[in-house]
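The following report describes a single protein chain for a reader at the bench, beginning with its charged pairs and then turning to the fold.

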Amino acid sequence: MQTSRFQTFDDGADPTTQGASRLAALRGLLKDRGLDGLIVPRTDAYQNEYVPAAEERLAWLTGFTGSAGTAVVLQDKAALFVDGRYSIQARDQVDGEAFGFIDVTAQPPSQWLRAQLKAGQRLGYDPWLQTPASTA
């Protein structure tokens, strides 16, 4: 039986049982699509701080349930960007073996990506979830 790579409403966000397998599944999907990475923000198409359960992409992938954060997944590394309000919560909820923790005020995702990606690599994102300001 093939397991789904997609979020279901029955899945929890426990990184100790789901995090590594979900990260591996996402990386496989990225490779199939010819992408080198993906940005996963904690927002919805309306840029709400509090999102419906069906929009909890970041929690599903990482286990992080704070109201602000962004994950960036590359083929060889992944990082969770949160501000100081969530540094302890992120370390408690997210598999530190799978995700690095980065203070978004010290190094925003755009700066981290410039250092990580090589010329010609392709980064995926959902245009409904990104604003011009969030990609700066």
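This is a predicted model, and the structure holds three salt bridges. Side chains of opposite charge can pair when their charged atoms come close. The three pairs are set out below with the N to O separation of each.

| Basic residue | Acidic residue | N to O distance |
|---|---|---|
| Arg42 | Glu56 | 3.1 Å |
| Arg57 | Glu55 | 2.7 Å |
| Arg85 | Asp83 | 2.7 Å |

The pair formed by Arg42 and Glu56 links distant parts of the chain, with the two positions 14 residues apart in numbering and with both Arg42 and Glu56 in the loop between strand 1 and helix 2. Both partners, Arg42 and Glu56, are buried.

The surroundings of the other two pairs can be described in the same terms. Glu55, which forms a salt bridge with Arg57, counts as partly exposed because its relative accessibility is 24%, and Arg57 is likewise partly exposed, with a relative accessible area of 26%. In the salt bridge between Asp83 and Arg85, Asp83 counts as buried because its relative accessibility of 18% falls under the 20% cut-off, whereas Arg85, at 57% relative accessibility, counts as exposed.

The loop between strand 1 (37-41) and helix 2 (57-62) also contains Gln47. What is the sign of phi at Gln47? The phi of Gln47 is near 60°, a positive value in a residue other than glycine. Most residues other than glycine have a negative phi. Gln47 is partly exposed, with a relative accessible area of 38%.

Turning to the fold, the secondary structure of the protein comes to four helices and five strands, and these elements run α-β-α-β-β-α-β-α-β from the N terminus on. The five strands form an open sheet in the order 4-3-2-1-5, with mixed pairing. Strand 4 (100-103) and strand 5 (123-124) stand at the edges, and because each has a single partner strand, one side of each is left without a neighbour in the sheet. Strands of a sheet pair through backbone hydrogen bonds, either parallel or antiparallel. Strand 2 (residues 70-74) and strand 3 (residues 78-82) run antiparallel and are joined by four bridges; within this pairing, Val73 has Ala78 of strand 3 as its bridge partner.

Two helices can be placed against this sheet. Helix 1 (residues 19-32) packs on the sheet and touches strand 1, strand 2 and strand 3, with its direction making about 60° with that of strand 2. Helix 4 (residues 109-116) also packs on the sheet, where its contacts reach strand 1, strand 2, strand 3, strand 4 and strand 5, and its direction makes about 10° with that of strand 2.

Some totals describe the protein as a whole. Buried residues make up 39% of the 136 residues in the protein. Among contacts between residues at least 6 apart in sequence, 60% join residues that are at least 24 apart. The accessible surface of the protein comes to about 8,100 Å², and 53% of this surface belongs to carbon and sulfur atoms.

Notes:
Residues are numbered from 1 along each chain as its sequence is written. This is a predicted model: local features need pLDDT of at least 70, side-chain atom pairs count only at pLDDT 80 or more; totals for chains, interfaces and linings use all residues. Side-chain values use heavy atoms; hydrogens and water are left out. Buried means under 20% relative accessible area, exposed over 50%, partly exposed in between (1.4 Å probe, protein chains only). Two strands pair if DSSP finds at least two bridges between them. Contact means heavy atoms within 4.5 Å. Axes are lines fitted to C-alpha atoms, for helices over the stretch in contact, and angles run from 0 to 180 degrees between N-to-C directions. Accessible areas come from the Shrake-Rupley method with a 1.4 Å probe; for residues, only the protein chains shown count as cover. A salt bridge is a side-chain nitrogen of Lys or Arg within 4 Å of a carboxyl oxygen of Asp or Glu.
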